[in-house]
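Grab a coffee and work through these exercises with the viewer open. Each one sets a task and then walks through a solution.

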Amino acid sequence: MTRGVRWSCRVPVVAVLAASILGCSGNSMKNPYEDVEDPTDAEDAVEDAIADASLDLPVGDAPADSSADVDAGPPRCAKDEDCANVDPGVGEECRQRKYCDLETGVCELTWQADCCRDREILSQGFEGGLGAWTVEDPFKGDRVTWSVSQHWKAFGASSAYFGDPACHTYYNGAMDSGCVPTDPKGLDASRVTASLTSPSFELPPLNLAKTSFFVSFDVWIAAEPPILTDGQSIQLDLFRVFAVLNPGTISETTKVIFTSAALGNTTGDRFIHVVGDLSEWRNKTIALRLDFDSLDPRDNHFEGVYVDEIRVSTSCNAAGATAPGCSPTVACVPDSVPCTEDSCQVFSNAVLQGAGVCDHPLLVDCG
Ligand SMILES: [Ca+2]
Ligand SMILES: [Ca+2]
Ligand SMILES: [Ca+2]
């Protein structure tokens, strides 16, 4: 059994990729065009100035107190080559390629497509509440929703729970003080559903051949088992994890990354480590959505779902590897860290059979 706790990069807050450009250091600057003698021929002067390899261009963006000068002044670069001798500062890993922002005329840093990046983008263990995650519950007031619970957790003191936090069930009919339904047939119960959505985050435009993009989490499930009808297994109550593209906008779309049907709606009184492939949303802004829906009022007297240690990460291939992640034929390289699982963590939404990533989750009860 595994837990989804990685040893590296334990950032306790959501670390959404900064949209702002790094590298805007506050170095002192002089106006590179102050020696231009003919102010009426500014265009030629700019080209001459840019062509001068020794041009002492300002670093990064303009200082705040010179906005009037910048507004009135000419652009400082016209093409990427103009930035060759400019120091736009130090960017984050894999975001160090210099280019000319044609809108601002300023040399900036952008992503290097062929770079591989080992980084945590989002981390949520629900130790401090639901944080910036948002609950959507069409049936408020029925006691059953997403909340933080200390009842079951994969790591730390708490997790996110779908159910009635007082009685630990997603049955929403009347119950007595001992959490026993007052109507044995449950005829006063109704459908329960709610979702929990993460803040938006951006996945960088890095090369899929070198960088893996994935979400990992631990899940504990006790829900209505599949029903056999005419030899067909039907799963009514479902917990699903979605990737949400353009979250909160009119063009929002969702796609399933994980469904509890894959586990028959039970994890056997333990947390299961799940890893989902997010490479489809490279260079896009998405969110994650945890969703439970019973669809109907029947057979809902089950404990529900706990989710803990949700992480969105990018990781590099092992040195010399020619494909990202791992597969039945490409094993993970052990990380030499005690108490971590070194086997391939197969994607719950793998397009290629058996494809996954070397997540190295922490082993339970080890050491
Ligand atoms: Ca936790
Ligand atoms: Ca509700
Ligand atoms: Ca049900």
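**Exercise 1.** In the hairpin of E1 and E2, which residue takes a positive phi?

*Solution.* First, the ground rules. This is a predicted model, where local features need pLDDT of at least 70 and side-chain atom pairs count only at pLDDT 80 or more, while totals for chains, interfaces and linings use all residues. Residues are numbered from 1 along each chain as its sequence is written, and chains are lettered from A and ligands numbered from 1 in the order in which they are written.

Step 1: find the strands, which, like helices, are DSSP runs numbered from the N terminus (helices are H or I, at least four residues; strands are E, at least two). E1 covers residues 97–101, and it pairs with E2 in the antiparallel sense over five bridges; pairing takes at least two DSSP bridges between two strands.

Step 2: look at the link. Four residues sit between the strands, and Gly105 is the one with a positive phi, near 70°.

**Exercise 2.** Work out which side chains of E1 point to the buried face.

*Solution.* Step 1: set the cut-offs. Buried means 20 or more other C-beta atoms within 10 Å of the residue's own, exposed means 12 or fewer, and partly exposed is in between, with C-beta atoms placed from the backbone.

Step 2: read along E1. Lys98 and Cys100 share a face and are buried, whereas Arg97, Tyr99 and Asp101 point the other way and are not.

Step 3: cross over to E2. Lys98 stands opposite Leu109, and Cys100 has Cys107 as its bridge partner. E2 itself (residues 106–110) is mostly covered, with four of its five residues buried.

**Exercise 3.** Find the strand that gives the most to the largest nonpolar core.

*Solution.* Step 1: define the core as a set of buried Ala, Val, Leu, Ile, Met, Phe, Trp, Tyr and Cys residues joined through C-beta atoms within 7 Å. The largest one has 56 residues, and Ala160, Val215, Val219, Val305 and Val307 touch the most other members.

Step 2: the top contributor is E9 (residues 211–222), with eight residues.

Step 3: don't miss the second, separate core of six residues, including Val86, Cys100, Val106 and Cys107.

Step 4: zoom in on Val305. Contacts are C-beta pairs within 7 Å, again with backbone-placed atoms. Skipping neighbours within four places in sequence, the partners of Val305 include Phe162, Val219 and Phe292.

**Exercise 4.** Arg143 and Asp230 each have a positive phi without being glycine; say where each one sits and why it is classed as partly exposed or exposed.

*Solution.* Step 1: Arg143, phi about 75°, lies in the loop between E4 (134–136) and E5 (145–149). Arg143 counts as partly exposed because it has 17 C-beta neighbours inside 10 Å.

Step 2: Asp230, phi about 50°, is in the loop between E10 (227–229) and E11 (232–234). Asp230 has 5 such neighbours inside 10 Å, so it counts as exposed.

**Exercise 5.** Over which residues does pLDDT stay under 50?

*Solution.* Step 1: pLDDT is the predictor's confidence in each residue, from 0 to 100. The protein's mean is 80, and 76% of its residues reach 70 or more.

Step 2: the stretch under 50 is residues 1–70, for which the model has 119 contacts beyond four places in sequence. Where pLDDT is low, the predicted coordinates should not be read in detail.

Methods: Contact = placed C-beta atoms within 7 Å.
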